[in-house]
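Reader: Please set the assignments in this structure against their criteria.
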Amino acid sequence: MIALDIENVTKSFGGVRALTGVTLSLNEGERLVLLGPNGAGKTTLFHSISGNILASSGRISLFGDDITQLPPDARARLGLARTFQITNLFAQLTVLENILLAVCGAQKLTFKFVRPLDRYDDIQKRARALLEEWNLVDAADRLVRNLSYGEQRQVEVVMALSGEPRILLLDEPTAGLSPAETLRVMEMVRKLPRDMTIVMIEHDMDVAFEIADRIAVMHQGRVIAEGDEAAIRGNQQVSDIYLGVE
Amino acid sequence: MRRYSLVILLAIAIFAALPYVLPTYYLSLTTKILIFVLFAMSLDLLIGYTGLASLGHAAFFGFGGYVVGLLVVRGQVSEWIALPAGVALATALGALFAVLALRARGSYFLMITLALAQVVWGIAFGWRTLTGGDDGLPGVKRPTFIVSLADENSFYYFVLLMVGLSALALVAIVRSPFGHALRGIRESETRMLALGFNVWRHQFAAFVISAAFAGLAGCLFVYNTRFVSPDVLHVVRSAEVLIMVILGGVGTLLGPAIGAAVIILLEDFVSSLTQRWLLILGIVYVVTTLFAPRGLVGLYRDYFSRNRKR
């Protein structure tokens with residue numbers, strides 16, 4: 001089954017074309033890494049997929065549903081989860097509270113006004129199980145703003161996973177991390193279930209080639225190359241603009 | 001949990017005993033404090049929990065009050081209809097303002113709420129034939145709900161019951177999944193959207209709930225003073241309640257309650273010395289933002305509480 005189908009998507013900001021005729025398609029369970037220099041349009045493409053910005057033209061569908069015009073929350077309810085390039089968490093809340101909200105969102109527990117959240121045993125259990133599974137139990141009661149950057153990145157990944165999404169978008173999950181922290185986050189990505197479709201933006205070549213089933217290279221708003229590791233390494237245009245001439 | 005129940009029982013006992021201890025003047029001052037406690041808590045649901053700073057909250061307080069005043073004085077309507085109508089119409093006004101104001105965020109949201117509230121004030125001030133204009137509407141008699149609430153003691157108990165029940169409802173709301181979602185929205189709207197929450201609907205609901213409790217406070221206020229004038233809708237009222245929330249501590253329900261008590265007591269004390277209450281209020285605001293930006297509750301947590309969050 002096709003998980004994500006992007007057809008001829010274009011996005012302009014005023015006169016600036018950020019995306020030009022992008023067409024990509026992912027099968028269920030496939031892992032695609034987006035490569036490309038800064039300003040290539042990778043994050044714009046992510047935002048168009050998650051609904052944070054709407055495509056100017058073209059069509060995006062998720063498991064057969066046309067989502068081109070849907071707001072981000074509706075796309076999330078269809079099983080799409082994401083992390084942000086700039087960490088986007090609830091800074092003044094604890095790690096546990098952050099994960100609890102993610103679980104509430106995933107289980108569509110909204111507009112419940114009476115019973116305290118502490119008394120929803122299934123929600124609490126699920127959140128604690130997630131913290132245990134991803135080794136964040138010790139940080140449960142710490143405020144997110146007091147965590148290290150690496151820990152925040154991990155919380156953000158766990159948050160995206162808490163709804164058992166069918167498709168996960170990771171926007172540079174290892175950017176700005178120390179080598180040790182990068183290993184930890186990559187370990188998390190490796191542990192993800194194989195049937196989860198993943199799109200990831202990544203600058204680190206080794207990480208990209210290790211994770212990806214397929215790689216798409218973007219440049220100036222277009223996809224200029226697509227294929228497996230060998231195809232990308234052997235592509236002259238990619239070498240010139242991105243990998244540098246070796 | 002047991003300590004909490006003890007504190008609550010003690011508070012109930014103290015508040016129930018007050019009419020037997022306090023002279024009438026201070027009892028009616030306590031009634032006024034309770035009304036503003038509710039008003040300030042209602043605003044904090046919006047500011048402290050949802051992250052929407054409104055400078056027009058007096059619109060709902062005053063509109064609820066005017067509905068009661070007009071129905072009682074002009075329409076001779078029963079209190080069984082007037083009070084629910086006051087709350088219901090303030091809630092409806094809240095829904096209308098929410099639709100208009102939620103298009104903006106931050107200081108623009110603040111300005112829109114201010115402008116909308118000024119419209120309501122302008123109508124109350126200008127429509128003399130209906131509202132009495134600047135002279136207001138005197139003669140709003142206290143209601144009779146089974147027993148007459150005309151004297152200070154029974155009216156105090158009525159207000160205590162209303163504010164107590166409202167406080168319980170607000171506490172339940174902020175601890176519920178809905179209340180937690182509001183905190184999430186305060187921290188990051190885009191993150192909440194990415195988690196599948198319909199942010200606008202949550203903000204709308206918070207705004208309307210907040211307006212409903214502010215409307216109830218306004219109705220009680222008008223019954224308390226037996227008089228309604230454009231003063232209840234004035235921007236100074238909106239600013240005053242905002243300062244109560246900030247002084248007490250944004251994002252807690254106890255904070256605004258303490259802030260309301262401090263401001264009302266201070267106002268009472270200052271008015272015996274000088275006419276320049278607004279000057280004093282301004283100084284209170286400046287001192288709070290300089291030395292206790294997270295309010296009195298924040299100050300207490302910083303210096304005395306051991307179990308503050310790491």
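Author: The exchange below takes up burial, helix geometry, backbone angles and a chain contact in what is a predicted model.

Reader: Why is A:Glu172 called buried?

Author: A residue counts as buried if 20 or more other C-beta atoms lie within 10 Å of its own. A:Glu172 has 21 within 10 Å, and is therefore buried. Its place is the loop between strand E7 (167-171) and helix H6 (179-190) of chain A.

Reader: What makes A:Asn135 partly exposed?

Author: The exposed class ends at 12 or fewer such atoms, and the buried class begins at 20. With 13 other C-beta atoms within 10 Å, A:Asn135 is therefore partly exposed.

Reader: What is noted about the phi of A:Asn135?

Author: Most residues other than glycine have a negative phi. A:Asn135, although not a glycine, has a positive phi of about 60°. A:Glu172, also not a glycine, has a positive phi of about 45°.

Reader: How do you know that the span of helix H5 (residues 106-126) of chain B agrees with its number of residues?

Author: At 1.5 Å a residue, its 21 residues should span 30 Å; the end C-alpha atoms are 30 Å apart, so the two agree.

Reader: Which residues of H5(B) are buried, and what puts them on the same side?

Author: Among them are B:Phe109, B:Thr113 and B:Trp121. The buried residues cover an arc of only 105° around the axis, and therefore lie on the same side of H5(B). The face turned away carries exposed residues, including B:Ser107 and B:Gly126.

Reader: How many residues of chain A are in contact with chain B?

Author: 35 residues of chain A are in contact with 23 residues of chain B. H3(A) supplies the largest share of chain A's side, 7 residues.

Definitions and conventions:
Residues numbered from 1 in each chain as written. Chains lettered and ligands numbered in written order. Predicted model: local features only at pLDDT ≥ 70, side-chain atom pairs only at ≥ 80, totals over all residues. Helix = DSSP H or I, 4+ residues; strand = E, 2+ residues; numbered from the N terminus. Expected span 1.5 Å × (residues − 1). Arc of directions from axis to C-beta. Contact = placed C-beta atoms within 7 Å.
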